[in-house]
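Student: I would like to go through this model by asking about contacts and geometry. Please keep the answers short and end each one on the result.

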Amino acid sequence: MSRRDCLGWIAKAGLASLLPLSLPALARAGGQLEEPLADPIRLALRAAIEHPAPPEPEFPTPEARLAYLRWLGEMSPRLVRRKPELQTRVEFLQTVWYESRRAGLDESLVLGLIQVESAFRKFAVSPAGARGYMQVMPFWARLIGDGDPSKLFLSQANIRFGCVILRHYLERERGDLFLALGRYNGSRGRPDYPNAVFAAQKHWRQA
């Protein structure tokens, strides 16, 4: 399916339901802590970062394509206040959808995390230096990327890093999302950050 098809479908789907969404004005920057990584883990994470993405979504069945379009049509109006330009909004959501699924994460969780971390600001920078939508710390570019932290401002790179890092933490915490989110924020075991993400996630659950 082409991006033009997506844009036309979303334009039609969104006209009747441009619902406002209250989003936080301040970012709560991720505070991932740099830790030594065993070589197999580092190489696996690097491979996950480097794997190329298709230029457009690929669907195994017509039903899968329709499910994606329904999700896109439902999410787009909710994001219109933060991203009023349709093509920018669709490209962002397409990236979130692809990278979330690739990492085995729920799209609503990733959108909730982005809302809490950066309030959907592409160029957000925290006092600690975390960057972009998912507030990825620059040391990750050195550990598992090509060493260029400026790439963390690229939408797909940032969201891919964030999703891969969260999946890594989730595996370290044996599937405990509460602890994994705390580790992502550098506040493992404390409730404020995970609870904020879970609350934001509710806005992005598909009806």
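Student: At roughly what angle do the axes of helix H4 and H5 cross?

Tutor: The model is a predicted one. Helix H4 covers residues 86–103, and its axis and that of H5 come within 9 Å. The crossing angle of the two axes is roughly 120°.

Student: Which term describes how H4 and H5 lie to each other?

Tutor: Angles from 65 to 115 degrees count as roughly perpendicular and those over 145 as roughly antiparallel, and the rest outside the roughly parallel range are oblique. The axes of H4 and H5 cross at roughly 120°. H4 and H5 are therefore oblique.

Student: Is the crossing of H4 and H5 left-handed or right-handed?

Tutor: The angle alone, roughly 120° for H4 and H5, is reported apart from the handedness. For the crossing of H4 and H5, the handedness is right-handed.

Student: How many salt bridges does a search of the whole structure find?

Tutor: The criterion is a side-chain nitrogen of Lys or Arg within 4 Å of a carboxyl oxygen of Asp or Glu. Searching the whole structure with it gives a count of 11.

Student: How many residues apart in sequence are the parts that Arg142 and Glu34 tie together?

Tutor: Arg142 and Glu34 form a salt bridge, with 2.5 Å between the closest N and O atoms. Arg142 belongs to helix H6 (residues 139–144), while Glu34 is in the loop between helix H1 (3–14) and helix H2 (39–50), so the pair ties together parts whose separation in sequence is 108 residues.

Student: Is Glu34 buried, partly exposed or exposed?

Tutor: Buried requires under 20% relative accessible area and exposed requires over 50%. Glu34 has a relative accessibility of 44%, and so counts as partly exposed.

Student: Where in the chain is Arg172, the salt-bridge partner of Glu35?

Tutor: The side chains of Glu35 and Arg172 meet in a salt bridge at 2.5 Å, N to O. The pair links distant parts of the chain, 137 residues apart: Glu35 is in the loop between H1 and H2, and Arg172 is in helix H7 (residues 155–172). As for accessibility, Glu35 is partly exposed at 24% and Arg172 is partly exposed at 41%. The place of Arg172 is thus helix H7.

Student: What are the exposure classes of Lys151 and Asp146?

Tutor: Lys151 and Asp146 form a salt bridge, with the closest N and O atoms 2.3 Å apart. At 37% relative accessibility Lys151 is partly exposed, whereas Asp146, at 52%, is exposed.

Student: Which residues do salt bridges that share partners join into one network?

Tutor: The pair of Glu35 and Arg172 is a salt bridge, and both residues belong to the network. Its members are Glu35, Arg172, Glu173, Arg183 and Arg188.

Student: How many aromatic pairs are there, and what kind of pair do Phe59 and Tyr68 make?

Tutor: The count comes to 11 aromatic pairs. In the pair of Phe59 and Tyr68, the ring centres are 5.3 Å apart and the planes are at 40°, so the kind is tilted.

Student: Is Tyr68 buried or exposed, and which cluster do ring pairs form with it?

Tutor: Tyr68 has a relative accessible area of 1%, so it is buried. The cluster linked by ring pairs consists of Phe59, Tyr68, Trp71 and Trp97.

Student: Which of Phe123 and Phe153 is buried, and which is exposed?

Tutor: The rings of Phe123 and Phe153 form a tilted pair, with centres 5.6 Å apart and planes at 50°. The pair links distant parts of the chain, 30 residues apart: Phe123 is in the loop between helix H5 (107–118) and H6, and Phe153 is in the loop between H6 and H7. At 58% relative accessibility Phe123 is exposed, and at 18% Phe153 is buried.

Student: How far is the charged end of Lys83 from the centre of the ring of Phe92?

Tutor: A charge counts as over a ring only if it is within 6 Å of the ring centre and within 35 degrees of the ring normal. The charged end of Lys83 sits over the ring of Phe92, and its distance from the centre is 5.1 Å.

Student: How far apart in space are Ser76 and Leu86, C-alpha to C-alpha?

Tutor: Ser76 lies in helix H3 and is buried at 1% relative accessibility. Ser76 and Leu86 are 10 residues apart in sequence, and their C-alpha separation is 8.2 Å.

Terms used. Residues numbered from 1 in each chain as written. Predicted model: local features only at pLDDT ≥ 70, side-chain atom pairs only at ≥ 80, totals over all residues. Heavy atoms only, no water. Helix = DSSP H or I, 4+ residues; strand = E, 2+ residues; numbered from the N terminus. Buried < 20%, exposed > 50% of the residue type's maximum accessible area, 1.4 Å probe, protein only. Phe/Tyr/Trp six-rings, centres within 6.5 Å; stacked < 30°, edge-to-face > 60°. Axes fitted to C-alpha atoms, helices over the stretch in contact; angles between N-to-C directions. Parallel < 35°, antiparallel > 145°, perpendicular 65-115°, else oblique. Left-handed = near helix turned anticlockwise from the far one by under 90°.
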